[in-house]
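Here is a look around a structure you may not have met before. Have the sequence and the 3D view open as you read.

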Amino acid sequence: MQPKLGGIITYSKILRAIIGGAVAIVIANIVSNVLFFQIGRPALFENELQSAKIIAVLFEMEPLPLMFRNGPLYMVIAACIGVIHGLVFLWIEPSLPRGIVKRGASFALILWALMALYFEFHAPFNMFGEPPILVALELGFWIVVTLVQGLVLSAIYGMGRHELASPVE
């Protein structure tokens, strides 16, 4: 018999949420780097429309961003943030649709709405003067990144609410 903490939240679910959150955000960060710095590089960083402030902060001003100076440390910190995302997922999971894909996509939408929209408004647009068309492209990339994070987390978390969670339910 598995020990329970306050009703239906089991130690197993907590562990799956913690591991799932950490793994999901690390994978999402890899996808993010591919989208923003490889696929999106010509449009985002080799484009005359781009703000000189963004180029300077990302590639010229010392110290460079942590992700460029110490990638492993950056990913460890990201994994810690992922643990928090996993615990939030655990907390709201009963209110999400059933099924791994629907649940993961719903969590992705929540992440995108609460994280990406504000970040893109506050930092690139507000602080660095990034043009709205490039902010829109980045928001599109964020849809993919948060979808990866939500789906990976949901898949690792597995079944919830005493359901038989199938990938397409």
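## Ser154, a buried spot

Let's start with Ser154: at 0% relative accessibility, this residue counts as buried, since the cut-off for buried is under 20%. Keep in mind that we're looking at a predicted model. Ser154 sits in helix H7.

What does Ser154 touch once its neighbours within four places in sequence are left aside? The list is Phe89, Gly99, Ile100, Arg103 and Gly104. Take Ile100 from that list: Ser154 and Ile100 are 54 residues apart along the chain, yet 5.4 Å separates their C-alpha atoms.

## The whole chain

Now step back for a moment. The protein chain has seven helices and two strands, and along the sequence they come in the order β-β-α-α-α-α-α-α-α.

There are 169 residues in the chain, and 40% of them count as buried. Look at contacts between residues at least 6 apart in sequence, and 71% of them turn out to join residues at least 24 apart.

## Helix H7 and its end

H7 runs over residues 132-157. How far apart should the ends of its 26 residues be? At 1.5 Å a residue the helix should span 38 Å, and the end C-alpha atoms are 36 Å apart, so the two figures agree.

Just past H7 comes Gly158, with a positive phi of about 75°. For background, most residues other than glycine have a negative phi.

## H7 against H1

Pairs of packed helices come up a few times from here on. Two packed helices are described by the angle between their axes and the distance between the axes.

Helix H1 (residues 11-39) packs with H7 at an angle of about 150°, and their axes are 8 Å apart. An angle over 145 degrees counts as roughly antiparallel, so that is how H1 and H7 lie relative to each other. Their crossing is right-handed. Sorted by class, the H1 and H7 contact has 18 nonpolar, four polar and three charged residues.

Val144 is a handy residue to pick out in H7. Is Val144 buried or partly exposed? With a relative accessible area of 37%, Val144 is partly exposed. Not counting residues up to four places away in sequence, Val144 touches Val31 and Leu35. Val144 and Leu35 are 109 residues apart in sequence, while their C-alpha atoms are 8.8 Å apart in space.

## H7 against H5

Helix H5 (residues 71-92) also meets H7: their axes come within 11 Å and cross at roughly 65°. H5 and H7 are therefore roughly perpendicular to each other, and the crossing is right-handed.

Which residues meet here? H5 brings His85, Gly86, Phe89 and Leu90, while H7 brings Gln149, Leu153, Ser154 and Tyr157. By class, that is four nonpolar, four polar and no charged residues. Ser154, our starting point, is one of the H7 residues in this contact.

## H5 against H6

H5 has another partner in helix H6 (residues 100-127), where the axes come within 12 Å and cross at roughly 120°. That makes H5 oblique to H6. This crossing is right-handed too.

From H5, the contact uses His85, Val88, Phe89 and Ile92; from H6, it uses Arg103, Phe107, Ile110, Leu111 and Met115. The tally by class is seven nonpolar, one polar and one charged. His85 and Phe89 take part here, and both are also in the contact with H7. Arg103, listed here for H6, is among the residues in contact with Ser154 as well.

## Two loops to visit

The loop between H6 and H7 holds Phe128. This residue is partly exposed, at a relative accessible area of 22%. Setting aside residues up to four places away in sequence, Phe128 touches Ser51, Lys53, Ile54, Val57 and Ala123. From Phe128 to Ala56 is 72 residues in sequence and 9.9 Å in space, C-alpha to C-alpha.

The other loop lies between helix H3 (52-60) and helix H4 (66-69), and Pro63 is found there. A cis peptide bond joins Glu62 and Pro63, with omega at about -5°. As a rule, most peptide bonds are trans.

Methods. Residues are numbered from 1 along each chain as its sequence is written. This is a predicted model: local features need pLDDT of at least 70, side-chain atom pairs count only at pLDDT 80 or more; totals for chains, interfaces and linings use all residues. Side-chain values use heavy atoms; hydrogens and water are left out. Axes are lines fitted to C-alpha atoms, for helices over the stretch in contact, and angles run from 0 to 180 degrees between N-to-C directions. Helices (H or I, at least four residues) and strands (E, at least two) are DSSP runs, numbered from the N terminus. Angles under 35 degrees count as roughly parallel, over 145 as roughly antiparallel, 65 to 115 as roughly perpendicular and the rest as oblique. A crossing is left-handed if the near helix is turned anticlockwise from the far one by less than a right angle, and right-handed if clockwise. Contact means heavy atoms within 4.5 Å. Ala, Val, Leu, Ile, Met, Phe, Trp, Tyr, Cys and Pro count as nonpolar, Asp, Glu, Lys and Arg as charged, and the others, Gly among them, as polar. The expected span of a helix is 1.5 Å times one less than its number of residues. Buried means under 20% relative accessible area, exposed over 50%, partly exposed in between (1.4 Å probe, protein chains only).
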